[in-house]
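Here are some notes to go with the structure, written as a colleague might jot them in the margin. Please have the viewer open as you read.

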Amino acid sequence: MEDIDAMFSDLLGEMDLLTQSLGQETVPPEALPPTNQEVNYSIGFTDLNESLHELEDNDLDALMADLVADLNATEEKLAAEIKGLKTPSPTTSDLPPPPKGLSLHPPSPHPLPASPASSTSSSVSTPASSAASSLPPPPPQNAKPTKEEIEAQMKADKIKLALEKLKEAKVKKLVVKVLMNDGSSKTLMVDERQNVREVLDNLFEKTHCDCNVDWSLCETNPELQLDRTFEDHENLVEPLSAWMRDSENQVLFQERGEKYEVFKNPQNFYLWKKDKRALKDIKDKDKEILIQENFCGTSIIVPDLEGVLHLKEDGKKSWKQRLFQLRASGIYYVPKGKTKSSRDLVCFLQFDNVNVYYGKDFKTKYKAPTDFCFVLKHPQIQKESQYIKYLCCDDARTMNLWVTGIRIAKYGVSLYENYKTAEKKAAVNSVWMNRSTPSSSNPSTPSPTIKAKTPNQANGHAPKPQPTAPDSMDFGNFPPPPSADILPPPPPDPAFPPPPPSLPAKSSSRPVAPQHKLPANFPPPPMAMDNLPPPPLPPPIDDSPEAPPDFLPPPPPAAGFGMDQSLPPPPPDPEFLPPPPPEPVFTGAGAPPPPPPPPPPPPAQAAAVPRAPVRPSGSVRKVPPAPPKRTTPSLQVGGGGGGGDFMSELMVAMQKKRGDH
Amino acid sequence: MAAWDLSVTVEDLGPDTPPVSLSVTSDLHVGGVILKLVEKTQIKRDWSDHALWWEQKQCWLLRTAWSLEKYGIHADARLHFMPQHKPLKLGLPNGITLRLHACYSSPVFQTVMHICRMLNIRHPEELSLLRPIEEKKKKKDKDSTEEIYDLTEVPLSSASRPCLYNGMPAHFADSPQMEAVYKMLSVTQPPPAPEVIAKQYRPASVVDKAHINGRWLDSSRCLMQQGIQENDRLWLRFKYFTFYDIEPKYDVVRLTQLYEQARWAILLEDIDCTEEEMMLFGALQYHISKVSQSEPQMLSSSAAMDDLESALQSLEVKMEGESSSASEMLENMTAPELNDYLKIFRPKRLTLKGYKQYWFKFQDTSISYFKSKEESIGEPIQQINLKGCEVAPDVNMAAQKFLIRLLIPAPEGMNEVYLRCENEQQYAQWMAGCRLASKGKSLADNSYQSEIQSIHSFLAMQKTNSSSHGNAPANDESINTHSLVSPRYHKKYKAKQLTPRILDAYQNVAQLSLTDAVMRFIQVWQALPDFGLSYIVVRFKGSRKDEVLGIAPNRLIRIDLGVGDVVKTWRYNNMKQWNVNWDIRQMAIEFEGNVNIAFSCVTADCKIVHEFIGGYIFMSTRSREKSDVLNEELFHKLTGGHEAL
C-alpha cells in the first residue's frame with residue numbers, strides 16, 4: 001500500500017508537467033458532454049491493492065500506465081475545475097467539470113492530493129478546457145469581469161460538482177486478470193458501468209484475434225467445477241464482486257461456439273425433435289424464418305423442451321430422474337403420477353435470481369450419471385450449498401439444449417441483440433482483415449495506417465518496430481514521461497475539455513508521430529454510437545496500458561491473423577465498423593466545418609488508415625470510448641469517400657442525419 | 001315474351017302482409033323488378049340499401065343488370081325484398097354486447113372489416129365471427145338485464161378510414177352515449193366477479209376446445225347465407241393469433257379487446273398455464289384494473305395532442321435538469337433511511353430462541369442492526385446487503401402478523417432471515433424497502449412510495465377478503481383475488497391465501513404503465529406453449545381413431561387424443577400445396593420431402609380448416625408488403641376454396 005501511495009504522489013508531481021504540456025487540443029464542439037461525464041479518478045483502491053498483489057510485474061507496469069492515465073485525467077479535471085472556479089462559465093453548471101468541492105472529497109482520496117498540485121501548475125492550460133467542455137465556442141479566457149455576480153453561482157456549482165464527483169467516486173473499478181487461450185494473461189481495469197461487450201471489444205483490440213462472435217468471457221469456479229460465459233449485456237463488475245477474496249475463480253477469454261449457436265443453427269433448438277438429417281439440410285431461409293418467429297415477434301419464444309433429466313437432490317448424494325419442462329416462466333417438473341398438463345406442473349425454479357452454469361467432471365465429483373451436467377445457482381453462491389441445483393443430461397446435445405433454452409428464457413431479446421452486435425463487429429473485422437491481409441506482416445501492426453490497404457504505409461506509420469508482443473507489455477513508460485515527450489502539438493488551442501488532455505498523454509507513449517496525434521485532434525466522440533454503451537469511458541483506460549503494445553509491436557500473434565484471413569465474409573467497406581461508423585462519420589461530417597483543426601488533419605486523413613480498432617485505441621486511448629473509432633472513421637471518410645460504395649454512402653448519410661439532430 | 005307473376009315479400013310491409021305480386025317477363029332485369037316493386041308498394045323512402053334475396057337458392061340478387069332468366073328465376077321463386085344492412089348483436093371479447101348494423105349481403109370477411117372500421121380496430125383480417133355457444137343462451141335468460149350498447153344509429157359510412165376526433169372515430173364523438181360506448185371499447189373491464197367466471201362455459205378437454213372451432217363463420221359467404229337472421233347474436237373474436245404491427249398509439253381498442261380475449265382465455269382455462277403463470281396473470285390483471293381506473297384514457301388524445309404532450313414533457317425534463325440546484329442534489333444524495341425497532345429471527349440457526357428485538361437501520365440496499373438505538377452510532381452487530389435476495393411476505397391481518405421473510409444469498413448459500421414488524425405501516429415501509437433493495441434500488445428510488453402504496457392496498461385486500469366472502473363489488477381497493485384466477489384456484493386456495501402469492505408476482509410488474517402492463521399480459525400469454533393453437537378433431541387417412549389437429553400460426557401439429565402428446569409437427573414453410581376434395585370433404589397437404597397427409601374433419605367443416613390454414617398463410621404474407629391496404633382478393637384466394645368468389 002504505502003509503496004503505491006508513494007508512487008502516486010510521484011506521479012502527481014509529474015502530472016503537473018504533463019498537464020502543462022497537454023492542455024491544448026483542438027476539439028470540435030460536439031461530443032463534449034459525454035466526455036466530461038466520465039471521471040475516472042475514483043478507483044476502488046481497496047480492490048486495487050488487493051489485486052495488485054497478485055499481479056505479475058509486467059502486469060503491474062501496464063496497470064501503472066493505466067493508473068497514470070487515470071490520474072492524468074483526474075488531474076485535468078481538477079485543473080479545469082479550479083479554473084472553473086476562477087472563471088465561471090455559465091455552461092459549467094450542467095456539466096460536471098467545474099469546480100471541485102473541496103470539502104467533499106472523502107470518498108476519493110486520491111484526487112485530492114492531486115488536485116492541489118495540479119491546480120497550481122496546470123491552471124494555465126486548463127482554463128481552456130473547462131470552457132470547452134461545456135461550450136464549443138469558448139475562447140480560453142472568458143468572463144473574467146463578471147466574477148462578482150457569479151460568485152454565488154460558483155459556489156453552488158462547486159457544491160454541485162463536488163456532489164457529482166462523489167457520485168463518480170462511487171463508481172467501482174476492478175482490476176481483472178483475463179486468461180487467454182494460450183495460457184498468457186492480460187490485465188484490465190474494468191469499470192462498473194462497462195458491460196461484457198465493451199470488455200470484449202477491448203480485448204479484441206489487444207489481442208488481434210479475429211473478432212468472431214464466438215469470443216466470450218467466461219467465468220470459472222474451480223471449487224464448484226463450474227463455468228459459464230458471461231452474456232454480452234451483463235456488467236462484468238457485478239458478478240466478479242460476488243467472488244470471495246480467496247477465490248480461485250478465473251475469467252477466461254475464449255471462443256465458445258455454444259454462445260450463439262442458437263442463432264447460427266436455430267433448427268437444432270427449435271426443431272430438435274426432428275430427425276437430425278432433416279435438420280442438417282435446412283435452408284438458410286428456413287433458419288431465418290425460425291429466428292424471425294421466435295425472436296422478432298411481440299414475445300420471445302422459448303424452445304419447447306421437455307425430457308427426463310437427473311436431479312441431484314438437495315443436500316443428498318443420489319441422483320433422481322424427473323420429467324422436466326422448460327417454459328418461459330421457469331423450469332417445471334411433472335410430479336409422480338400426474339399428467340403433463342400445464343396445470344399439474346410443479347415449479348422447479350424461476351430464473352430471476354439464478355444463472356446457469358456448465359458443470360465439469362461431475363461424474364467424479366458428484367457421482368453424476370454422466371458428465372453432461374449443468375447447474376443453476378444464485379450468482380453469489382460460491383461454495384457448495386443446498387441452494388445449488390444440479391442437473392444431469394444424457395448427452396451433450398441435451399445439455400446444450402437446456403442451457404441455451406434457459407438462457408433464452410432468462411435473457412430474452414437481449415440475447416439476440418447481443419448476437420447482432422457481435423455479428424456486426426465480426427463482419428467489420430473480417431472485412432478489414434481481408435483487406436490488410438496481403439501483407440502478412442502488417443496486420444498486427446497498427447494497421448491503422450492509412451486506408452490504404454497497403455502494408456507499407458502501415459509500416460510507415462508505425463515505423464518503430466517494437467519487439468514487444470502484445471502480451472508482454474513492457475511499457476517502459478511510466479506515467480508521466482511518455483506523454484510529455486510525445487506530447488504532440490499543443491498549439492491547436494481550441495480548448496478542450498478534460499478528456500482530451502489525457503489522450504495526448506497516452507498517445508505520447510506512442511512513437512508514431514504525426515498521424516496519431518491527428519486522430520487525437522479529431523473531434524470528440526459523438527455520443528451517437530448506439531453500440532457503445534455508456535459514454536463513460538472505462539475502456540479507454542484499459543486500453544491505455546496495453547494499447548501501446550499493439551501499435552508498436554509487430555504482430556506477434558500470427559496465428560490469429562491467419563484465421564482472420566480465412567474469414568469468409570468480407571464486407572465491402574472495411575472501414576465501416578459497426579460501432580465506430582457512427583462516430584466516424586459523424587465526426588467526419590460534422591467536425592470539419594466547425595472546428596479549427598486545420599493543418600494536421602488533412603494530410604493525416606489521407607495517410608490515415610482504416611484500421612479502426614487497433615489504431616484508434618492506441619492513439620486516443622484516454623478519451624472516452626468514442627475516440628478510438630472516431631479517429632479511424634474520420635480518416636475513412638476522407639479517404640474512403642472516393643471508393644465508397646452504396647452502403648458506405650448510406651451510412652454516412654445516416655450519420656449526418658443523426659448528427660444534425 | 002310471355003309475362004308471368006313473380007311474388008316478392010317486402011319485409012318492410014310487416015311479416016303478415018302477403019307477398020306482392022308483380023307481372024314480369026323473363027328478360028326483365030333485377031333492377032327493373034325492384035323498380036316495379038317499389039312503385040307498387042307506394043311507400044316513399046330510401047330504398048337504396050334494399051336488395052332481393054332468393055330464399056330457395058340462398059343467394060342475393062345483387063347484380064341488378066342481370067335478367068331474371070340469367071339468374072334462372074321462375075314463377076316458383078320466393079323472393080324477399082329487404083335491406084342488406086340489418087342490426088346484429090355482437091358479443092365482444094370483453095364480454096359486452098353491442099348492437100350494430102352489419103352487412104348481411106357481403107362476404108363475412110368484408111362484414112368484419114366494416115365492423116372493425118366502425119369500432120376502430122386495425123387489421124380486421126385477424127378477427128372473425130363466431131356463433132356463440134348455445135349453453136350460454138339458457139343462462140342468458142336469467143340475466144336479461146344485460147346491457148346492450150347500441151350502435152345502430154351510426155351511419156353506414158363507406159369511408160375507408162374514419163377520421164379521428166379526440167383520438168376516436170368521429171362517430172363516437174357525437175354524443176355522451178356514444179362516447180360511453182367508445183370508453184367501453186377502449187378501457188379494460190374491471191375483474192369479473194368470481195361467480196361470473198364460475199358460471200361461464202369452460203372447455204374441459206381438447207375435444208371441447210375443438211368444438212368451439214366448428215363455430216366460425218365462413219369468411220367467403222355472407223351472413224344470410226349462413227342462416228344468420230336479423231338481431232341474431234354473434235361473437236367477434238381474434239381468430240388468427242398473429243397480431244401484426246401492434247402500435248399502442250393507434251390500437252387502443254384492438255389492444256384492449258385482445259387483452260380481454262387473452263384474459264378470458266386464461267380465466268376460463270381455454271389455454272393451460274402453470275400456477276406460477278396464473279399468479280403472474282392475476283397480478284397483471286390487478287395492476288391493469290388499478291391503473292386503468294387512475295388513468296382511464298389509455299391514449300385518447302389525438303396525434304397532435306400527443307406531440308404537444310411529448311413536447312411539454314421534454315420541456316419539463318429539461319427544466320428539471322437545469323433547475324436541479326445544488327441543494328436539490330444534496331437532498332438526493334443524502335439517502336433516506338429507515339430506523340426502527342424490529343424483531344429478527346433466523347430459522348436456520350439451531351436455536352430455540354425466538355424473535356429478538358434490535359434497533360434496525362435500513363440504508364441504501366442494506367440492513368444493519370444494533371443492540372439499541374443508543375448504540376446505533378457504532379459498529380452494527382451485523383449488516384446485511386439485500387441486493388439479489390428473495391423477499392417473501394408472511395402476513396396475517398387477523399393475527400396482526402407482519403413478517404418479512406428474506407432469503408439472502410451468500411457465498412455459502414442462502415441465509416434465511418425473518419423480520420417481524422409491529423404494524424401495518426411499519427411493515428409497508430420496510431417491506432417496500434426490502435423489495436427495492438433486492439432489485440438493487442435504494443430507498444431513494446422514486447418507486448418507493450408507490451411500492452408502499454401497493455403493499456397497503458394488498459393488505460387492504462386481505463382485510464376485506466377475510467370479512468366479506470368475496471361478494472364485495474370490485475372497486476379499487478378491494479378486488480377479490482378470486483376474480484383474477486381461474487375457478488380451479490378458487491377451490492384450491494382461499495382468497496386470502498391467494499393474496500400473498502399474487503402480491504409476490506405483483507412486485508415485478510407494479511411499475512408498469514397501463515399500456516406496458518397490457519402488452520406484458522399479451523406477451524406472457526403468447527409465450528405459453530399452447531398459445532395460438534386452434535384445435536380440430538380429425539380423422540387421418542388410414543387411421544381408425546379420431547385425433548386432434550392443432551393449427552398454429554406457423555405449423556400444424558398432430559395430437560394423440562389418448563395421451564395428449566404431440567405426435568408430429570409440420571411447418572407451413574415446408575408446405576408445397578394443399579387441396580380440398582370437397583366431395584369427400586377431405587383435406588390433403590403435401591410437404592417438402594415427399595410428406596403427404598390427408599384427413600377429414602370431424603368437429604368442423606373442412607372449409608373451416610381450409611380457411612384456417614390459408615388464413616395463416618395469408619397472415620404471413622403481410623409482413624413483406626408493408627402496404628396498409630388489405631389484399632382481400634388474396635385472402636379469398638387462399639381461403640375460399642372452390643367456392644371462392
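The points below take up the nonpolar cores and then some strands of chain B.

1. A word before we start: this is a predicted model, so please read each point below as a description of that prediction.

2. Let's begin with the largest nonpolar core, which has 121 residues. If you would like places to start looking, try B:Leu98 and B:Trp525, as these two touch the most other members. Helix α17 of chain B, residues 606–622, gives the most to this core, with nine residues.

3. It is worth centring the view on B:Leu98. Leaving aside neighbours within four places in sequence, B:Leu98 is in contact with several leucines, including B:Leu88, B:Leu90, B:Leu92 and B:Leu119. Among its other contacts are B:Ile148, B:Tyr149, B:Val181 and B:Met184, and B:Lys89 is on the list too.

4. Do look at chain A as well. A second, separate core has 45 residues, and A:Phe324, A:Tyr333, A:Phe351 and A:Ala409 are among them.

5. Back in chain B, strands β21 (residues 547–551) and β22 (residues 555–559) run antiparallel and are joined by four bridges. They form a hairpin with three residues between them. To find the pairing on screen, look for B:Ile551, which stands opposite B:Leu556 in β22(B).

6. β22(B) also pairs with strand β23 of chain B, residues 566–571: five bridges join these two antiparallel strands. Here B:Arg555 stands opposite B:Arg571 in β23(B). This hairpin has six residues between the strands, and B:Gly564 takes a positive phi near 85 degrees there.

Conventions. Residues are numbered from 1 along each chain as its sequence is written. Chains are lettered from A and ligands numbered from 1 in the order in which they are written. This is a predicted model: local features need pLDDT of at least 70, side-chain atom pairs count only at pLDDT 80 or more; totals for chains, interfaces and linings use all residues. Side-chain values use heavy atoms; hydrogens and water are left out. A nonpolar core is a set of buried Ala, Val, Leu, Ile, Met, Phe, Trp, Tyr and Cys residues joined through side-chain atoms within 4.5 Å. Buried means under 20% relative accessible area, exposed over 50%, partly exposed in between (1.4 Å probe, protein chains only). Contact means heavy atoms within 4.5 Å. Two strands pair if DSSP finds at least two bridges between them.
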